[in-house]
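The following exercises are to be worked with the sequence and the coordinates at hand. Each task is followed by a solution in steps.

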Amino acid sequence: MPASLLITDVHIFDGENEISRGSVLVEDGVIKQVVKGELAAPSSSTVVVSKPGHTLIPGIIDGHIHAEANEDYTALTQSLKFGITTVCDMHQEVEDIDKLRARATQDPDAADFKTSSQAATVTGGWPMAVITAFDKSEEMRARIATWPDLKTRADVETYIQDRVNDKADYVKLMHEDGSSLSMKPAMPSLEIQKDLVQLAHQNGFVVVAHATSVQSTIDMLNLGVDGTTHTVCDRPPTKELVDAYLANNAHCNPTLATIGSLTKEGLKDQEVYAHDPRVQKLVSVENRQRLCACMGLANDTAKVEYAYQSVRDLKAAGVDVILGSDTAGPAVGSSFGVTAHQELGLLVNRCGFTPKEALVAGTSLVAKRLRLHDRGRIAEGLRADLVLIEGNPLENIDSTLDIRGVWKQGTLCSTYKSLVA
């Protein structure tokens, strides 16, 4: 990385507030100064980027993905091209964690990587059903056989200690009752879920839970989880649901795009992004084709509109809604980086968010809720994870794809090397 970087003459959105014209100085990968107006370069070696008519925002944080440790590490490298400087993995094979962490640390063209490690699973439960729908290989079946099967308090104690040993960044619970699906997965008992929440909290973890039905979500919120990794789609949201979020000060990561893929109602939106020239230049033909297909695992009663309405209701009640795409390597209907931008658009176009509120959800708020305290804002002392956008995404959320520069800890992603050529 350069010893210092100065980005000047830009509109700044710092994750919470705006500066109509300002400058940001970066030294050794950390934000050194943020000022209104101009700032002098500290030395002749400082790299200066002056871009009137552009907006500088914090690196976007995708609060829900599922990475693969494939040859290209697509989850990390493609995400960064789209301004996603941090990805938060929500279920990962233990043997792949060190590989993903190493790539994120060593490769300046890879997004930073956070993970729950293995989620709190049971045999026959989620996400086994969805994974085997797309990968029926013997290798995958052998992997699944090694997953946790939580039946007793002792199992829970072992599971939480394993997450401590993995240095997990948070703990992910699974409580999929199948009310919105064409299948009925097994579920951990509520007593096991209660023990998981208690022991995870005792060990200092943020606890998030997968649930897609109104009742299963209420059940998990009543047990004290800190947030959910989806919203509901089995039936219209209820006052009891909203009250359960409020009672526990829990956040919601709705994953609207993925729910649209689940019900097949999101296909048109997916196709719009797959055919967008700004996407096409950064994503392979194969990945774009996968984006033009849907998971289609929902039953006939599930509706994406229930998800949209739930987010509108939660927002109106003051519940924190954060950004997360649920993009997964083996699944169709999503694409790393791209689907996070689709999610921002859905928050604005379907759920009543202003562009600024959507960008808060994808920067400072997701960082706050997942306790990523060193990022998510453009502020002195934080990581210099930055995205330069032509135009103003606070006026038009679609502009988030007009990316002209992405920096991770002050190092420019090579996709945008012409910016300083």
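Which residue of strand 7 does aspartate 62 stand opposite? Aspartate 62 stands opposite valine 87.

The model is a predicted one, in which local features require pLDDT of at least 70 and side-chain atom pairs count only at pLDDT 80 or more, while totals for chains, interfaces and linings use all residues. Residues are numbered from 1 along each chain as its sequence is written, and side-chain values use heavy atoms, with hydrogens and water left out.

**Exercise 1. Describe the sheet that contains strand 7.**

Step 1. Helices (H or I, at least four residues) and strands (E, at least two) are DSSP runs numbered from the N terminus. Two strands pair if DSSP finds at least two bridges between them.

Step 2. Four strands, in the order 8-7-6-13, make up an open sheet with parallel pairing. Strand 8 (112-115) and strand 13 are its edge strands, each paired on one side only.

Step 3. Strand 6 (residues 60-66) and strand 7 (residues 84-89) run parallel and are joined by four bridges. Isoleucine 65 has aspartate 89 in strand 7 as its bridge partner.

Step 4. Burial is assigned by relative accessible area: buried is under 20%, exposed is over 50%, and partly exposed lies in between (1.4 Å probe, protein chains only). By this criterion six of the six residues of strand 7 are buried, and the strand is mostly covered.

Step 5. Helix 14 (residues 338-349) lies across strand 6, strand 7 and strand 13, at about 115° to strand 6. The axes are lines fitted to C-alpha atoms, for helices over the stretch in contact, and angles run from 0 to 180 degrees between N-to-C directions.

**Exercise 2. Determine the surroundings of aspartate 326.**

Step 1. Aspartate 326 is placed in the loop between helix 13 (304-317) and strand 13 (327-328). Because its relative accessibility is 13%, aspartate 326 counts as buried.

Step 2. With contact taken as heavy atoms within 4.5 Å, and with neighbours within four places in sequence set aside, aspartate 326 is in contact with His64, Ile65, His66, His230, Thr255, Thr258 and Ser334.

Step 3. The side chains of aspartate 326 and histidine 66 are joined by a polar contact of 3.1 Å. Such a contact is a pair of N or O atoms within 3.5 Å; within protein, one must be able to donate a hydrogen and the other to accept it, and residues adjacent in sequence count only if both atoms are side-chain atoms.

Step 4. Aspartate 326 and alanine 257 are 69 residues apart along the chain, and their C-alpha atoms are separated by 8.4 Å.

**Exercise 3. State how the burial of helix 8 and that of helix 9 are arranged.**

Step 1. In helix 8 (residues 239-248), the buried residues are Leu241, Val242, Ala244 and Tyr245. Viewed down the helix axis they fall within an arc of 155°, so they line one face of helix 8. The arc is that of the directions from the helix axis to the C-beta atoms.

Step 2. Lys239, Glu240 and Ala247 are exposed on the other side of helix 8. The buried residues of helix 8 pack against helix 7 (214-222), strand 11 (227-228), strand 12 (251-252) and helix 13.

Step 3. In helix 9 (residues 256-263), eight of the eight residues are buried, so this helix is largely enclosed by the rest of the structure. The cover over the buried residues of helix 9 includes helix 10 (267-274), helix 13 and helix 14.

Step 4. Each helix is followed by a residue with positive phi: asparagine 249 after helix 8, near 50°, and lysine 264 just after helix 9, about 75°.

**Exercise 4. Identify the residues that touch the most other members of the largest nonpolar core.**

Step 1. A nonpolar core is a set of buried Ala, Val, Leu, Ile, Met, Phe, Trp, Tyr and Cys residues joined through side-chain atoms within 4.5 Å.

Step 2. The largest such core has 120 residues, of which Leu56, Ile160, Leu173, Leu196, Leu386 and Trp407 touch the most other members. Helix 14 gives the most to this core, with six residues.

Step 3. A second, separate core has 12 residues, including Cys88, Tyr170, Ala367 and Leu370.
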